[in-house]
Amino acid sequence: MIELKPLASAILAALLLAGCSSYEFASLYEDLPFEMEKVTRPSIPQYEVSISDFGGKGDGITLNTEAFADAVAHLESRGGGHLVVPQGIWLTGPITLKDNIDLHVEEDAVLLFSSDRDLYPIVETVFEGLDTRRCIAPINAVGAKNISVTGGGTIDGNGGAWRQVKRSKMTSGQWKELLAGGGFTNSKGDIWYPDSSSYRGSVVSDAFNVPQGMETEEDWESVKTYLRPVLLEFRECENVLLEDCLFQNSPCWNLHPLMCRNVIIKNITVRNPWYSQNGDGIDIDSCENVILVDSNFDVGDDAICIKSGKDEDGRLRARPCLNLIVDNCVVFHGHGGFVVGSEMSGDVRNISVTDCRFLGTDVGLRFKSCRGRGGIVENIHIKDIVMKDIPTEPLLFDLHYGGKSAVEAAAEGETAYDIEYVPADETTPEFRSIHISDIVCKGAARAMYFNGIPEKPITDITLENCLIVSDRGADLRYSSGVEMKDVYVIQDEGPAYSFANCGSVALSGCTGDGGREDFTLFRHNSDDVTVE
């Protein structure tokens, strides 16, 4: 007979307390610049079991895949409850959550996913915004309601067994150690692959990591290692909670809520080696009503990333990412701190980002897309952001994104001032109505870079009360309806503000070059720029 555990009493007390108190996220909704329904925690029954009740062993050696499957099946038969993972190292294959189940990984527990690829079947999913196939996520759910991962423990994806690695991203000592462990490199010797399956996948894939020409199951199996799973993927789920845990070492993206509704992510930490390919922190993809608060990220790609599908697949899916609050988050390493795109073909709108710190990210606020995407990004509100040591720009709009990091793109050179006009259609991306205020950045290569396109310039952008210390000033191209008020740029060289093919730009109370109001202003085909 499985007995009710002490955790249930604590949960009941917390629920009773919550019922007697005010809404826990009420402060986030104060003065919110768009309508958004209140997101509440999932409803999980009080019933509780331990993985050890089903023969699980936390010795780091025993494979517990069957024990987790039995425990989930038991909870499902009882209408849900809490699956407790106690102290120990729990080696396992994938875990599929069902309705009304909480995976509670206690603080002194490590949930370690096996590197045995036979445990991870290839499934239909969405990756890089396209309908495709990948290996199943270690923690996964499809169409589930009221699910959560809590407890404060560590969830480790064992990603080193899956990832290819670029030599340029490692020290010589790390590279030698990697080679000594097996696998092999490409002909140039600059990329390491764990096995031939990973290498073959890279050869037959496009620039965005999706294999081409896969017609049979044998074709897919031949590139299986290349189809690295994300650590956690919840697809079309409702009432989701991720709280207190450490998620790390994913084979690919760490967290991927996909087409989910009513999601809370609170007080989590996400870590991947900075050299990890596609090592995103969290990709909130075509979701509605999401709260992300009090969390830390230190990853190998974009940290907090908002998506809604790519190109025709995204436009046909037509699932926007809608109603999102991000507050009090810290990002250390990452290609971008807060990022929208490049997969935004299904639209992104109604986002609030407040009180965040980006400390050493390649870019701070990163908006990216390219011709062919389509989609509209609008009604974005960002304020109270502190940034330090940004190698490129604290604020970047790039409508010429080609799959490279901002640092790699900068090394290849900038887009020309004058770009050929292409008639706008459903494949033309659009960024508009984005409002940014109270920004401080100490240390950047360039104050900001708006790299737009002539058929749909970046429009209706407001910047207010910003202080940026950088090597070079702000550079805006193909932008219109831009208002800057009390923007202070302290640059080491060149003009404080540069405009190319811009229209209807207004600067009020802005300074540059150490605070001078008579700063140098560069114009190229941009006569409608006023300075007050």
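The following dialogue concerns a predicted model of a protein chain and the terms used to describe it.

Guide: In this predicted model, local features need pLDDT of at least 70 and side-chain atom pairs count only at pLDDT 80 or more, while totals for chains, interfaces and linings use all residues. Residues are numbered from 1 along each chain as its sequence is written, and side-chain values use heavy atoms, with hydrogens and water left out.

Visitor: What makes the protein chain as compact as a globular protein of that length?

Guide: The globule rule is 2.2 Å times the number of residues to the power 0.38, and the radius of gyration is taken over C-alpha atoms. For 532 residues the rule gives 24 Å and the radius of gyration of the chain is 24 Å, so the chain is as compact as a globular protein of that length.

Visitor: Why are residues of the protein chain called buried, and what percentage count as such?

Guide: Buried means under 20% relative accessible area, with a 1.4 Å probe and protein chains only. Of the 532 residues, 56% count as buried.

Visitor: How many helices and strands does the protein chain have?

Guide: Helices are DSSP runs of H or I with at least four residues, and strands are runs of E with at least two, numbered from the N terminus. The protein chain has 8 helices and 39 strands.

Visitor: How do you know that β29 and β31 pair?

Guide: Two strands pair if DSSP finds at least two bridges between them. Strands β29 (residues 348-359) and β31 (residues 376-390) run parallel and are joined by 10 bridges, with V348 opposite V377 in β31. β31 also pairs in the parallel sense with β33 (residues 430-444), over 12 bridges; there, I376 has E430 as its bridge partner in β33.

Methods: Buried means under 20% relative accessible area, exposed over 50%, partly exposed in between (1.4 Å probe, protein chains only).
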